Structures are given as structure tokens and as C-alpha cells.
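Work through the exercises below with the coordinates open. Try each task before reading its solution.

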Amino acid sequence: MPWDHKISAYLFVGGIAGTSGIIRAGAAATGNAVLQRNARLTAMTTVALSGAALVADLGRPERFLNMMRTVKLTSPMSVGTWILTAYAGCASVTTGAEVLRLLPARGPVTALTRVTDALDTPSTIGQAAFGAPLAAYTAVLLADTAHPVWHESRRQLPFVFVGSAAPASAGVQMVLTPAALAGPVRRLALAGVATELAAMHQLEEHLTDPGIDEPVTTGQGAGKLRMAKGLAIAGGPGTLLAGRSRVAAIASGTAPAAASALTRMGIVEAGIESAKDPKYTVRVQKDRLDKRRQQGSIDDSIVTVR
């Protein structure tokens, strides 16, 4: 399939959608009605944008529907399509319940409200359950390709994506929600930034061993990844002050969201660059053969790497 920044957009808004479902469930459990409402609407908006970006990348809507004809557990795209669909279904119910509360309680609105109220709790649990897989499966999708950077970072990439999605979603809620009610998402933003930075460091260190770290350190996507780190770190002090200042809340909420978008774009560009240059593929193959030789599983007289 072609890889471009429609995929970056899909990765970004999908991550926000997934974590927003978890925020919404937490807000419901603690009685934070304003945060719950904002997270609901954010989840529905971003999952709709995620689906639109995926369909745009596929080229024709029927291709998305074709992927739902079967469930193929060995295919990250197939599993991810069902995760996205299940999450969107739960988000539709919870968002519908929120919208109906804003309408006059009369006629069909009253009847529909009874239905959505009955389905609200199961749908909230469903959103929370599918939220983390929605934020993480896209990393598995990239790692399942032959792109050296993505495939070789398959153990670190899910942590980068989930860690990046948390401050992005929390940042959106810091912008939308009054500071007095946004304490939980400020803490989530700080935890997410720490996770993302640690996972990204591990990813870069891991890619150094087979010698394919250039795309993420000096290549086309490296500039975006450095900007993402800078914005993520810069948002930290502002997050600590965001409870006292609305301006600080908006600034420190915007920074990690922008950092998450840049992380996705940088990772996508680094993977594409590594696939275009044969030297990265050769390095990975040579490294694997050398390790197998050391383990005694390959006869040097049969395989020679030049």
C-alpha cells in the first residue's frame, strides 16, 4: 500500500480517539461531568476523522468494507479495522447520549434517551476497552511491513505510540476543560510524555545496533522527531502551572498534541526513507546472518554475505 501523510493523520487522530475513550471512562467514574462531555465529543470527532483518513488512503470506501468481510487475526489491518469499528460504535452511543441531553425532552427524544441511557454504561466500558488497542495497533501495523526502521523497532514502537497518544489526548482536554476540572488529564499528560521520551530513546538505541538509526537521527524525519521531543519537554513545566493559568493550560495542552503529530510524521518518513535505501535492508540481513552464524545455525560454506 502507498504510505504518505494521510497515514500520519490516521495514526495521530486514532491515537487521540483511543485515549479520549479512556479519559471519558475515568471522568464518568469520578463524576467529572464536564471532562466526560468534552472527552466524549473529542472521541467521536477524532474517530470519525480517523476513519475518513483511512478511507482516503485506501482510495475507495468499499475497500474498507471489504476488510470487514472476514476477521484475519494474523493481519494487523484486519484486526485494526474491527477495533476501529467497534470503538466507533461505542463512541456513537455515548456521543448520542450526550447530544440528546442537550435537546428538549419530548416525543422521540425521550424514547431515544431511554435507549442511549440503557446502553451508556456498556458503551463506556467498550470505549475504555478498545481505547488502548486503537492507540497501539497502528504501531503493529507499521511493524508488520518490510520497512527496516518500522520492522526493527516493533518492540518499542507500540510504547512510543501509546505514550505519545496520552499527552495528545490529555492536551486536547486541557484546552477544552476548565483548569479546575482538568487535574487528571494534566497528570496523564506528564506520564505520557515520560513514557514517550523513554520509549523513543530505547527505539533509537535499538536501531543503532544494526546500523539503521540514521533515518530517525539524521534523516528526513529526524527534524520532526527532534521538534516533537522539544515540544513534549517544553509542555512539561507549563502542565505543572496549567492549574493556575488558562493561558498556560492552552499552551501546555497544544504543545504535546503538536508533538504527537510530529512524532507520527517523523516515524512515517523515517520508515519510508529506510525502505527506499537498499543499504538499510542489507545491513539488517547481514546482522541477522552474522548472529545466526554465531549461534551455529548457518554453514559458512553455503551462505556468503558480500
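**Exercise 1. Find the salt-bridge partner of Glu98 and place the pair in its helix.**

Solution. Arg101 forms a salt bridge with Glu98 (a side-chain nitrogen of Lys or Arg within 4 Å of a carboxyl oxygen of Asp or Glu). The closest N and O atoms are 4.0 Å apart. Both residues sit in helix H4, three residues apart, so about one helical turn separates them. Helices are DSSP runs (H or I, at least four residues), numbered from the N terminus. Now check exposure. Glu98 is buried at 10% relative accessibility. Arg101 is partly exposed at 44%. The cut-offs: buried is under 20% relative accessible area, exposed over 50%, partly exposed in between (1.4 Å probe, protein chains only).

The model is predicted: local features need pLDDT of at least 70, side-chain atom pairs count only at pLDDT 80 or more, and totals for chains, interfaces and linings use all residues. Residues are numbered from 1 along each chain as its sequence is written, and side-chain values use heavy atoms, with hydrogens and water left out.

**Exercise 2. Which salt bridge does Arg101 form with a residue of helix H5?**

Solution. Arg101 meets Asp117 at 3.7 Å, N to O. This pair links distant parts of the chain, helix H4 and helix H5, 16 residues apart. Asp117 is partly exposed, at 40% relative accessibility.

**Exercise 3. Trace the network that contains Arg101.**

Solution. Start with the members: Arg24, Arg40, Glu98, Arg101, Asp117 and Asp120 are linked by salt bridges. Next, take Asp120 and Arg24, whose closest N and O atoms are 3.2 Å apart. Asp120 lies in helix H5 and Arg24 in helix H1 (residues 5–30), so this pair ties together parts 96 residues apart in sequence. Both are buried: Asp120 has a relative accessible area of 11%, and Arg24 has 0%. The structure holds seven salt bridges.

**Exercise 4. Is Leu225 buried or exposed, and what does Leu225 touch?**

Solution. Leu225 is found in helix H10 (residues 222–241). Its relative accessible area is 4%, so Leu225 is buried. Leave aside neighbours within four places in sequence. Leu225 is then in contact (heavy atoms within 4.5 Å) with Met200, Val216, Leu262, Thr263, Gly266 and Ile267. Thr263 is 38 residues away in sequence, yet the C-alpha atoms are 5.4 Å apart.

**Exercise 5. Test the length of helix H7 (residues 157–176).**

Solution. The expected span is 1.5 Å times one less than the number of residues. For the 20 residues of H7, that gives 28 Å. The end C-alpha atoms are 29 Å apart, which agrees.

Note on methods. Helices (H or I, at least four residues) and strands (E, at least two) are DSSP runs, numbered from the N terminus.
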